[in-house]
Amino acid sequence: MKIKVFFLLMLIPLLSGCLPTSTLDQVLMVEGEGFDYLGNGKIMGTVVIPSFEQGASQNGQGGGMQSISSTIRSLSGVTYDGKSLADKFQSEGQEILRVGSMKTMIYDKKLAKFGLKNQLSFRNRDPDVPSAISIAVVDGSTKELLTATDYQTKVPIARYIQHMILQNTQQNYPSTNLRYFLDSYYGAYMDPFMPLIKKSGDHLEMQGLALFRNDKYIMSIPDSKMFVFKMLYEPFNQGFYDCLLPSGKHIVVRNVESSVKYKVEDGNGVSPKVVASLQIKGYVRQASPKTVSTKAASTVSKKVADDLKHNAEKMVRQLQRKGVDPLRIGDTVRSATRHFDGKTWNERYPNTNFSCQIHVEVIQTGISS
Amino acid sequence: MFFRKRKIKKENPIQAESVSDLWLRLENVPDFIHFKHKGEHFHCWVSFIQTLADVEYLHRDVFPYLYSDKVHSLADVQQQIPIERMIRTKDMAVIQAKLFEGYTIIQEYEREADCLIIPSVKIKGRQIEKSEIETSIIGPREAFVESADANINLVRKRIPIPQFKFDELHIGKISKTRVCVLYIDGIANKDNINTVKQRIRDLEVVSMIDATMLALMISDNNNSIFPQYIDTERPDRVAGALYEGKISVIIEGSPNALILPASIIEFFAAFDDYFLVWPIATAYRLLRLFAIGFSSVASSIYVAILTYHYQLIPDNLIPSLFTSRTAVPYAPFVEVLVMEFMIELLREAGARLPTKVGQTIGIVGGIVIGTASVQAGVVSNFLLIIIALSALSAFITPNYRMATTIRFIRFPFILSAQLLGLLGISLCFLIFVSHLIKLTSIGRPYIEPIYPTRVRDLKDTFIRLPLNYQNERPLFLRPGDSKRFNSHRAHQKAEVKKSELDN
């Protein structure tokens, strides 16, 4: 009796085990999605799938038949709001399309200005897709960027974009991915941002940062100001700052340490006072001849600090004018103020009195002397 | 039929009823010697089995006394012959048993049960040789042989105290095999000894060929795939276990000794761990544990990930996995089964064949089947690496029994991976864990330092701390004397050392 029951129980998984499989070589792995705004609520969606035909023949020594590994590379078509491109293009794929190993999602500037609400909310709800995918705004058409065949590299385009963004976030760019973006998007008193990329000729390049208010693109910060942005945004190292001295000469400083502390006064007042004090340690990477020496290190660091302070305060003023808060100053003020008055913050933000105290320490000037 | 069965049973019981009955039965046995000695003063009947008894010894040391003029009766014989452990008895059971052990029987009258039994056992067996199954690079090399006396000798040499004891039991309805239960009185737990002895005594068997057979019969759970006793061919390991407070069982005719109770971790500890410096020994133990984990789940994780969880594959691995998979016509599950089947075939063929042919099998398996199957597109070369590595990892287990268990465990894991992916693997793992938690070895918890958690016992499990920290015997044995030595004194002496350079 016991044995009979046991065998019956054993039959349950064998008979009912019909979980849909997605065997590696029988799915099309969508690695990147691109969205272009066509106007009138219509969107051109593009998906890219890596093709592994390179090197496939090393395995097919058994017979004369060609390996069947080559897959279609990209699909695109018009859709009403870009929701779930994988499902839309299913009819065009030779295998099942799966979005589980998504790497990048990119949007063109027009769509970013129109608003990313739909694309973000359905991605946020999809359990199949990792939240650590890279997102970016493209200056130009995403379809063109994703489907172009004239790149120098043979790396699948979605990975190319992801590697480029990740590599840059280790240096001058702040950490960005879908998770960070949604955090700022849903959080109060803060605004999201994502990198701005562009295809220039046969390669891609980072153009700076695209800043959003809610889900709409407002303005961008150029690549040259990224150090200033990141030092105010988070502590980091391995960034570099190209400082233009009044004499027209350049000094490039690579920081080994940068920390920022915010001090808030009068958080509920009409114009709250926010002071950012920064400690930056760095070494001189490059310099025009005769600008640095061990003796002149202190004067150099003074000059660099002044330059950073000037640029930082200018940038924050600009952000205040546009009413975007990617640096999370609003959140900083909230955390330092008892009974924070959040309702009026949006009006008070442009009037916030922001200033910087920067201390730069040059710990090495190279073998110049 | 029923009637006939009963008749046979009645006519031919194993035990002879009387001496004359015994002689009658042995009439047609060619190596049975039974003759009447007619001396000047004394007549007697001498009987022994030629192939069991040491005939040269009888001629040299026993028979001359029968001719002596001082001998007139059986009592005189017993007095004159200077041999210890002679028995004078009328008990038929003893007479028959001793005759078949190689003893010589002397009677005054052929039909009378009054017998003098003289030990004349011919000791013939293998020389003590190097251990071949549980080899170690450093440390003692002796291995047990098929003679229980020789084996006990090997252990006793290492434990020169009167407290080292062994109890003899005879099991097997026909074979009456001698079983010795070895322990150190005062260190071993009395309950453990009694449990083992009682289980051996309660066995209903006809014969007992090997100690491993006994191990299967007296284990707590006969259906478990996990071995609940360690069988070893190394006397040093047995001595070490006895000092720890364990019990060992040695069987006549078996070159294996059992060590019990056992916990699962001991199956993964090689005995040479104790001969190495502790950081290195610890590293090797951890390596072995990793290998076992890898070996049991590697192929099932391959199945699960390739069938269900393509998201988990690292980016840089996807192209090589993809290209090697596309040539394969089967699902990963079938692919893995084919490969596992091949490896099992190779292993079984290698184990059954003589050593020299076995090497050829290795070459055939490794080169021909491996390379050819990848080239023919039957399996992917990525899987070949995984399977080969996991086979290697299974062989790293020092205990052969555990190695077979580890290899067997893979198959339920692979099946559950195919059914439910990683969830299936974790469910299967849960089933095994709950089974292990319930498992006992002569009533002692089988996965002891893990559950129930005994931090004190952990110092000789996954890791092996220095020997002067091992001052307590394992807790799960409940030893009679839990302290090995005074730890305070052990550390005191260690601290006295001073650099000679300072003087």
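Chain A contains 11 helices and 14 strands. The exercises below concern this chain and chain B in a predicted model.

**Exercise 1. Describe the overall extent and burial of chain A.**

Solution.
- Step 1. Along the principal axes, the C-alpha atoms of chain A occupy a box of roughly 85 × 55 × 55 Å.
- Step 2. Chain A has 369 residues, and 49% of them count as buried.

**Exercise 2. State how chain B is divided into domains, and how far apart the centres of domain 1 and domain 2 lie.**

Solution.
- Step 1. The assignment gives chain B a domain 1 (2-118), a domain 2 (148-262) and a domain 3 (274-444).
- Step 2. Taken over C-alpha atoms, the centres of domain 1 and domain 2 of chain B are separated by 32 Å.

**Exercise 3. Locate B:Ile406, classify it as buried or exposed, and give its C-alpha separation from B:Pro119.**

Solution.
- Step 1. B:Ile406 belongs to helix α15 (residues 400-438) of chain B.
- Step 2. The relative accessibility of B:Ile406 is 4%. Buried means under 20%, so B:Ile406 is classed as buried.
- Step 3. B:Ile406 and B:Pro119 are 287 residues apart along the chain, and 47 Å separate their C-alpha atoms.

**Exercise 4. Identify the residues of the positive patch on the surface of chain A, and place A:Arg321 within its helix.**

Solution.
- Step 1. The patch of positive charge brings together A:Lys314, A:Arg317, A:Arg321 and A:Lys322.
- Step 2. A:Arg321 is part of helix α9 (residues 297-322) of chain A.
- Step 3. A:Arg321 counts as exposed because its relative accessibility is 67%.

**Exercise 5. Analyse the salt bridge between A:Glu313 and A:Lys309.**

Solution.
- Step 1. The side chains of this pair, A:Glu313 and A:Lys309, come together at 3.0 Å, N to O.
- Step 2. A:Glu313 and A:Lys309 are 4 residues apart in helix α9 of chain A, so about one helical turn lies between them.
- Step 3. A:Glu313 is buried at 16% relative accessibility, whereas A:Lys309 is partly exposed at 30%.

**Exercise 6. Describe the salt bridge between B:Glu56 and B:Arg60 in the same manner.**

Solution.
- Step 1. The N to O distance between the side chains of B:Glu56 and B:Arg60 is 3.9 Å. A salt bridge requires such a nitrogen and a carboxyl oxygen to lie within 4 Å, so the pair qualifies.
- Step 2. Both B:Glu56 and B:Arg60 are in helix α3 (residues 55-67) of chain B, 4 residues apart, or about one turn of the helix.
- Step 3. B:Glu56 and B:Arg60 are both exposed.

**Exercise 7. Which residues are linked with B:Arg347 and B:Glu348 in a network of salt bridges?**

Solution.
- Step 1. The side chains of B:Glu348 and B:Arg347 form a salt bridge at 3.1 Å, N to O.
- Step 2. B:Glu348 is partly exposed at 31% relative accessibility, and B:Arg347 is buried at 16%.
- Step 3. The network links B:Arg347 and B:Glu348 with B:Glu344, B:Arg352 and B:Arg407.
- Step 4. Over all chains, the count of salt bridges comes to 44.

**Exercise 8. Characterise the nonpolar surface patch that includes B:Ile280.**

Solution.
- Step 1. The patch is formed by B:Val277, B:Trp278, B:Ile280, B:Tyr284, B:Leu287 and B:Ile396.
- Step 2. Together these residues have about 540 Å² of accessible area.
- Step 3. B:Ile280 is located in helix α10 (residues 278-307) of chain B, and at 41% relative accessibility B:Ile280 is partly exposed.

**Exercise 9. Compare the settings of A:Arg328 and B:Arg85, each with a positive phi.**

Solution.
- Step 1. Phi is near 60 degrees for A:Arg328 and near 60 degrees for B:Arg85.
- Step 2. A:Arg328 is in the loop between α9 and α10 (329-336) of chain A, while B:Arg85 is in the loop between α4 (74-80) and β3 (87-89) of chain B.
- Step 3. A:Arg328 is buried at 19% relative accessibility, whereas B:Arg85 is exposed at 62%.

**Exercise 10. Where do the cis peptide bonds to B:Pro261 and B:Pro452 lie?**

Solution.
- Step 1. The bond joining B:Leu260 and B:Pro261 is cis, with omega about -5 degrees. B:Pro261 sits in the loop between β10 (257-260) and α10 of chain B.
- Step 2. The bond from B:Tyr451 to B:Pro452 is cis, with omega near -5 degrees. B:Pro452 sits in the loop between β12 (444-445) and α16 (487-496) of chain B.

Methods:
Residues are numbered from 1 along each chain as its sequence is written. Chains are lettered from A and ligands numbered from 1 in the order in which they are written. This is a predicted model: local features need pLDDT of at least 70, side-chain atom pairs count only at pLDDT 80 or more; totals for chains, interfaces and linings use all residues. Side-chain values use heavy atoms; hydrogens and water are left out. Patches are made of residues with over 30% relative accessible area and no salt bridge: like charges are joined within 9 Å, nonpolar side chains (Val, Leu, Ile, Met, Phe, Trp, Tyr) within 5 Å. Accessible areas come from the Shrake-Rupley method with a 1.4 Å probe; for residues, only the protein chains shown count as cover. Lys and Arg count as positive and Asp and Glu as negative; His and the chain ends are not counted. The place of a charge is taken as NZ of Lys, CZ of Arg, CG of Asp or CD of Glu. Helices (H or I, at least four residues) and strands (E, at least two) are DSSP runs, numbered from the N terminus. Buried means under 20% relative accessible area, exposed over 50%, partly exposed in between (1.4 Å probe, protein chains only). Domain bounds come from an automatic or database domain assignment.
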